[in-house]
Amino acid sequence: MTSFSQGYSRFAYGFLVLFVICVLAGVGYSAHRERTAQLVFQLQRAQGSVLVVEDQMTQTFQLIENMMLTLPDLLDDPLPQAKSEDLTRVLNRLQLGQPVLRSLSVMTAKDGIKASTNQANVGLSVSLKEFAPSDIDESRSSVLRIGDVWSGRDFADGHGFAGDADHDAQALSFLPLALS
């Protein structure tokens with residue numbers, strides 16, 4: 001009877017171990033499937049958020065471009081002959097409806113920034129070499145160009161930091177745009 005009882009005990013313990021392994025495997029598989037489903041869901045959510053941000057940026061850039069293209073129509077004189085005071089007045093009026101813009105400036109190759117909503121920018125020269133798309137001068141069509149990210153609040157207190165590994169990610173920065 002002892003051998004029967006030992007064999008039965010082994011069978012019971014073996015069956016118990018098999019049961020525990022099956023339960024653990026089932027729980028592990030269920031957790032893995034749930035994690036995979038959550039990852040897929042979160043990825044779809046992130047993709048949707050990126051599309052919303054992309055659409056918002058595209059619409060903002062389009063609005064800025066359209067707004068700047070109307071600048072000559074808002075002035076009494078042609079743009080090259082316009083006075084700095086008149087340009088600044090119109091730029092201030094245009095900026096009121098654009099909370100995403102820190103400042104608007106008009107720059108010429110000869111004078112640098114001729115007028116700006118931030119008076120500290122007036123007289124500064126900004127290099128447009130790093131702006132994309134590059135200025136080819138093959139056509140006279142206006143193109144909104146995007147520059148490298150700058151550190152600071154505006155051109156007066158900022159500087160470009162393309163490739164600068166020591167930049168503080170929490171510091172103020174801005175994205176310069178040029179309509180050429």
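Two strands pair if DSSP finds at least two bridges between them. Keep that rule in hand for the bridge partners on this tour. The model on screen is predicted.

**Whole chain**

Select the protein chain and colour by pLDDT. The average is 84, and 88% of the residues score at least 70. Helix 1, residues 2-69, has the highest mean pLDDT among the elements, at 92. Strand 5, residues 159-160, has the lowest, at 78. Where pLDDT is low, the predicted coordinates should not be read in detail.

Switch to cartoon. There are 3 helices and 7 strands. Along the sequence they follow the pattern α-α-α-β-β-β-β-β-β-β, with the helices leading and the strands following.

Now show the surface. The chain exposes about 13,100 Å², and carbon and sulfur atoms supply 59% of that area. Of the 180 residues, 23% are buried. Turn on contacts between residues at least 6 apart in sequence: 45% of these join residues at least 24 apart.

**Helix 3**

Select residues 84-95. This is helix 3, with 12 residues. At 1.5 Å a residue it should span 16 Å, and the end C-alpha atoms are 16 Å apart, which agrees.

Which residues of helix 3 are buried? Pick L87, T88, V90, L91, L94 and Q95. They cover an arc of only 170° around the axis, so they lie on the same side of helix 3.

Next, click R89, also in helix 3. R89 is partly exposed, with a relative accessible area of 41%. Draw a distance from the C-alpha atom of R89 to that of A115. The separation is 9.2 Å, although the two residues are 26 apart along the chain.

**Strands 1 and 2**

A115 leads to the next stop. Select strand 2, residues 112-116, and strand 1, residues 105-108. The two strands run antiparallel and are joined by 4 bridges. A hairpin of 3 residues links strand 1 to strand 2.

Check two of the partners. V106 has A115 as its bridge partner in strand 2. M107 has I113 as its bridge partner in strand 2. A115 thus ties the last two stops together: it is the bridge partner of V106, and its C-alpha atom is the one 9.2 Å from that of R89.

Is strand 2 buried or exposed? Buried: 5 of the 5 residues are, so strand 2 is largely enclosed by the rest of the structure.

**The loop after strand 2**

Follow the chain out of strand 2 into the loop that leads to strand 3, residues 144-146. Stop at P133, which is found in this loop. Show the backbone as sticks. The peptide bond from A132 to P133 is cis, with omega near -5°.

**Strands 4, 5 and 6**

Finish with a sheet. Strands pair through backbone hydrogen bonds, either parallel or antiparallel. Here 3 strands form an open sheet in the order 5-4-6, with antiparallel pairing. Strand 5 and strand 6 (173-174) stand at the edges, each with a single partner strand, so one side of each is left without a neighbour in the sheet.

Zoom in on strand 4, residues 150-151. It pairs with strand 6 in the antiparallel sense over 2 bridges. Select W150 and look across to strand 6: which residue stands opposite? F174 does.

One caution before leaving: strand 5 is the element with the lowest mean pLDDT, 78.

Definitions and conventions:
Residues are numbered from 1 along each chain as its sequence is written. This is a predicted model: local features need pLDDT of at least 70, side-chain atom pairs count only at pLDDT 80 or more; totals for chains, interfaces and linings use all residues. Side-chain values use heavy atoms; hydrogens and water are left out. pLDDT is the predictor's confidence in each residue, from 0 to 100. Buried means under 20% relative accessible area, exposed over 50%, partly exposed in between (1.4 Å probe, protein chains only). Contact means heavy atoms within 4.5 Å. Accessible areas come from the Shrake-Rupley method with a 1.4 Å probe; for residues, only the protein chains shown count as cover. The expected span of a helix is 1.5 Å times one less than its number of residues. The arc is that of the directions from the helix axis to the C-beta atoms.
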